[in-house]
Amino acid sequence: MNSLPSELIAVEQLLKQQESDGPSVAFRNRTLHAVSNVLPTDPVMEYQSLPKVFCIRSELDSVSAVALVGMALSLAWVWVGWLPLQEQPAPAEIRLLTTLEAQARELPSQPFLALDVAAADTAVPPVARSGSEEPNARPHILAPHWFRHDLQGNL
Amino acid sequence: MADPLAQSLAAGATTAFAELYDRLAARLVKTARRMGCHTTETEDIVHDLFVTMARSRANFAAVDNLDAYVFSALRHAVARHQQRRRLEHAVHSRVAEKALQRDGGAASSCPSADESLALALASLPLEQREVVALKIDGGLTFAEIGEVTGISPNTAASRYRYALEKLRVLLIDTCVKVGENAP
């Protein structure tokens, strides 16, 4: 392919002998500095620093493992304790029954809780009928009516 | 088979780029200069070429012929540079041809061999000049030149031969005695 006649080989030699300076050392330094600025990190240095990172992490693991386990147990304890609270009614649904009467009116059909409120309110103790201004205070006891009748019977 | 240096370059190793520079930089500078760039322009082109290659270093992973790849990048860089100053280059070529035609037989007005060679090269068509530069200064084979320029190896060899023949005629016309330095 390159079987040139002698006169063309002479031209080729003339071209090869032509003086031409190569790049200077300063140019080399400038170019390689620009190249190193473009490269984000040196992968060789990155590879060499890898075992050091692993050493630091292994030391940290032994210390932090206990803390992590403790933290996990604390979270589990809080979570287990919080679950039953979910089954309780919301505060807005809790009605405050301040008096025994109000509570009794709310539950008239419950035989074990129903009190004979009207009879209890109108019934006047014998002492009051005899002229005492201040009747004896009856105990406000929420109790089944049979138990109350027993009490009245005893009275 | 892929060049192992290409794999290191793709990985972004600074030492690999230094090795690539030491392997090709001198040839790149001379080739760019032979293609018609001035000295300062040539250094800028090669400098920017290395920075660009470092930025797009991932492309090295798929490179089979590293030399051909880098010289191909150089060729594109030179072409872009010369496109910017195409008018100036055209004027330079016309001046070179006139200088070669002027007083060709007068011994007293003969330019030096280097000047005559530079003027003769400047008068070559761009396709022939870049083949001469890649062959003489780049040290590439015709197969690699074909890979760089996108032509067949036979076409590259033909362009090289035509370029040498034209140079010989031009140098004879400018009183350079071709063959006196030949072995």
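This passage describes the helices of chains A and B, the packing between selected helices, and the contact between the two chains in a predicted model.

In chain A the secondary structure consists of 8 helices and 0 strands, and the order along the sequence is accordingly written α-α-α-α-α-α-α-α. Chain B contains 9 helices and 0 strands, arranged from the N terminus as α-α-α-α-α-α-α-α-α. Of the 155 residues in chain A, 6% are buried, whereas in chain B, with 183 residues, buried residues account for 40%. Within chain B, 70% of the contacts between residues at least 6 apart in sequence join residues that are at least 24 apart.

Two helix pairs of chain B were examined, given that two packed helices are described by the angle between their axes and the distance between the axes. The first pair involves helix H4(B), residues 66-84, which has 19 residues and reaches 28 Å from its first C-alpha to its last, close to the 27 Å expected at 1.5 Å a residue. Its buried residues are B:Asp67, B:Ala68, B:Tyr69, B:Val70, B:Phe71, B:Leu74, B:Arg75 and B:Val78, and these buried residues of H4(B) pack against helices H2 (14-34), H3 (39-55), H7 and H8 (142-149) of chain B. With respect to H8(B), the axis of H4(B) lies 8 Å away at an angle of about 45°, which means that H4(B) is oblique to H8(B). The crossing of H4(B) with H8(B) is right-handed. On the H4(B) side the contact is formed by B:Asp67, B:Ala68, B:Phe71, B:Ser72 and B:Arg75, which meet B:Glu144, B:Glu147, B:Val148 and B:Thr149 in H8(B). By residue class, this contact between H4(B) and H8(B) divides into 3 nonpolar, 2 polar and 4 charged residues.

The second pair consists of helix H6(B), residues 113-122, and helix H9(B), residues 153-173, whose axes come within 9 Å and cross at roughly 135°; H6(B) is therefore oblique to H9(B). This crossing of H6(B) and H9(B) is right-handed. The residues that meet are B:Ser116, B:Leu117 and B:Ala120 from H6(B) and B:Leu167, B:Leu170 and B:Leu171 from H9(B). The contact of H6(B) with H9(B) comprises 5 nonpolar residues, 1 polar residue and no charged residues.

Between the chains, the contact takes 32 residues from chain A and 35 residues from chain B. On the side of chain A that touches chain B, the elements giving two or more residues are helices H1 (6-17), H2 (25-38) and H3 (43-48) of chain A, and among these H1(A) gives the most, with 11 residues. The residues on this side of chain A divide into 17 nonpolar, 8 polar and 7 charged.

Helix H1(A) itself has 12 residues and reaches 16 Å from its first C-alpha to its last, close to the 16 Å expected at 1.5 Å a residue. Within H1(A), the residues A:Ala10, A:Val11, A:Glu12, A:Leu14 and A:Leu15 are buried. The cover over these buried residues of H1(A) includes H6, H7 (126-137) and H9 of chain B. Helices H6(B) and H9(B), which are themselves joined through B:Ser116, B:Leu117 and B:Ala120 on one side and B:Leu167, B:Leu170 and B:Leu171 on the other, thus also appear among the elements that cover H1(A).

Key:
Residues numbered from 1 in each chain as written. Chains lettered and ligands numbered in written order. Predicted model: local features only at pLDDT ≥ 70, side-chain atom pairs only at ≥ 80, totals over all residues. Helix = DSSP H or I, 4+ residues; strand = E, 2+ residues; numbered from the N terminus. Buried ≥ 20, exposed ≤ 12 C-beta atoms within 10 Å, placed from the backbone. Contact = placed C-beta atoms within 7 Å. Axes fitted to C-alpha atoms, helices over the stretch in contact; angles between N-to-C directions. Parallel < 35°, antiparallel > 145°, perpendicular 65-115°, else oblique. Left-handed = near helix turned anticlockwise from the far one by under 90°. Nonpolar A, V, L, I, M, F, W, Y, C, P; charged D, E, K, R; others polar. Expected span 1.5 Å × (residues − 1).
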